[in-house]
Amino acid sequence: MTLPDLLAPIGEASATTWLRPLTSAGPNDGDDNKDAGGTESGTATKTRPKTKRPNLYRVLLLNDDYTPMEFVILVLQDVFNKSREDAMRIMLHVHQKGVGECGIYPYEVAETKVTRVMDTARKNQHPLQCVMEKQ
């Protein structure tokens, strides 16, 4: 069975219109935005709203005279994924200057890291303080 035999019940005019290639001229020659019925047709476009970058927050460690330096290094390695050398550098900066930046994160991440540091310090009975501030 051939394609014209399959389309015979549809009718000759409908079959030829349906099979008309998109590039050939048809009943609406030259007017690409109108279909055979004369109504407008086209692609609906929707503009996407631009997403705003989240605010970033600095996570800071505060110096105290009681928390051991080795504990601070371990916290920096565990919570902030710092290398031993980076953790040592940040710990010394906190010790000498009174405050040191551990990292810059979106709000939820910064809040989680501050909470983890404070919980770890409390569990180990150290007065280490960690805060976050908007950058």
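Six salt bridges turn up in this structure, which is a predicted model. The idea behind them is simple: side chains of opposite charge can pair when their charged atoms come close. Here are three of these pairs, with the gap between nitrogen and oxygen.

| Salt bridge | N to O distance |
|---|---|
| E133 and R58 | 2.7 Å |
| R84 and E70 | 2.9 Å |
| R122 and D119 | 3.2 Å |

Let's take the E133 and R58 pair, which meets at 2.7 Å. Because E133 sits in strand β3 and R58 in strand β1, this bridge ties together parts that are 75 residues apart in sequence. Are these two residues buried, partly exposed or exposed? E133 has a relative accessible area of 34%, so it is partly exposed. R58 comes in at 26%, so R58 is partly exposed as well. There's also a third member to look for: R58, E101 and E133 are linked in a network of salt bridges.

Next come R84 and E70, whose side chains meet at 2.9 Å. This pair links distant parts of the chain, with R84 in helix α4 and E70 in helix α3, 14 residues apart. R84 is partly exposed, at 35% relative accessible area, and E70 is partly exposed too, at 38%.

The bridge between R122 and D119, at 3.2 Å, is a different kind of story. Both residues belong to helix α5, and because they are three residues apart, about one helical turn separates them. The general rule is handy here: an α-helix has 3.6 residues a turn, so residues three or four places apart point the same way. With 57% relative accessible area, R122 is exposed, whereas D119 is partly exposed at 29%.

## A look at helix α5

Now for the helix that holds that last pair. Helix α5 runs over residues 107-123, and at 1.5 Å a residue its 17 residues should span 24 Å; the C-alpha atoms at its ends are 24 Å apart, so the two values agree.

Which residues of α5 are buried? They are A110, K113, V114, V117, M118 and A121. Because they cover an arc of only 130° around the axis, they end up on the same side of α5. On the face turned away from that buried side you'll find the exposed residues E108, R122 and K123. The buried residues have plenty of partners: they pack against β1 (56-62), α3 (69-80), β2 (99-106) and β3 (129-134). Just past the end of α5, Q125 takes a positive phi of about 55°.

## Over to helix α3

Helix α3 is one of the elements packed against the buried residues of α5. Its 12 residues should span 16 Å at 1.5 Å a residue, and because its end C-alpha atoms are 16 Å apart, the check works out.

The buried residues here are F71, V72, I73, V75, L76, V79 and F80. What covers them includes β1, α4 (84-97), β2 and α5. Just after α3, N81 takes a positive phi of about 55°.

One more residue of α3 is worth finding on the surface: M69. At 37% relative accessibility, M69 counts as partly exposed, because that value falls between the 20% and 50% cut-offs. Together with M88 and L92, M69 makes a nonpolar surface patch of about 230 Å².

Technical notes:
Residues numbered from 1 in each chain as written. Predicted model: local features only at pLDDT ≥ 70, side-chain atom pairs only at ≥ 80, totals over all residues. Heavy atoms only, no water. Helix = DSSP H or I, 4+ residues; strand = E, 2+ residues; numbered from the N terminus. Expected span 1.5 Å × (residues − 1). Buried < 20%, exposed > 50% of the residue type's maximum accessible area, 1.4 Å probe, protein only. Arc of directions from axis to C-beta. Contact = heavy atoms within 4.5 Å. Patch = residues over 30% accessible without salt bridge, like charges linked within 9 Å, V, L, I, M, F, W, Y side chains within 5 Å. Areas by Shrake-Rupley, 256 points an atom, 1.4 Å probe, with all protein chains shown as cover. Salt bridge = Lys/Arg side-chain N within 4 Å of Asp/Glu carboxyl O.
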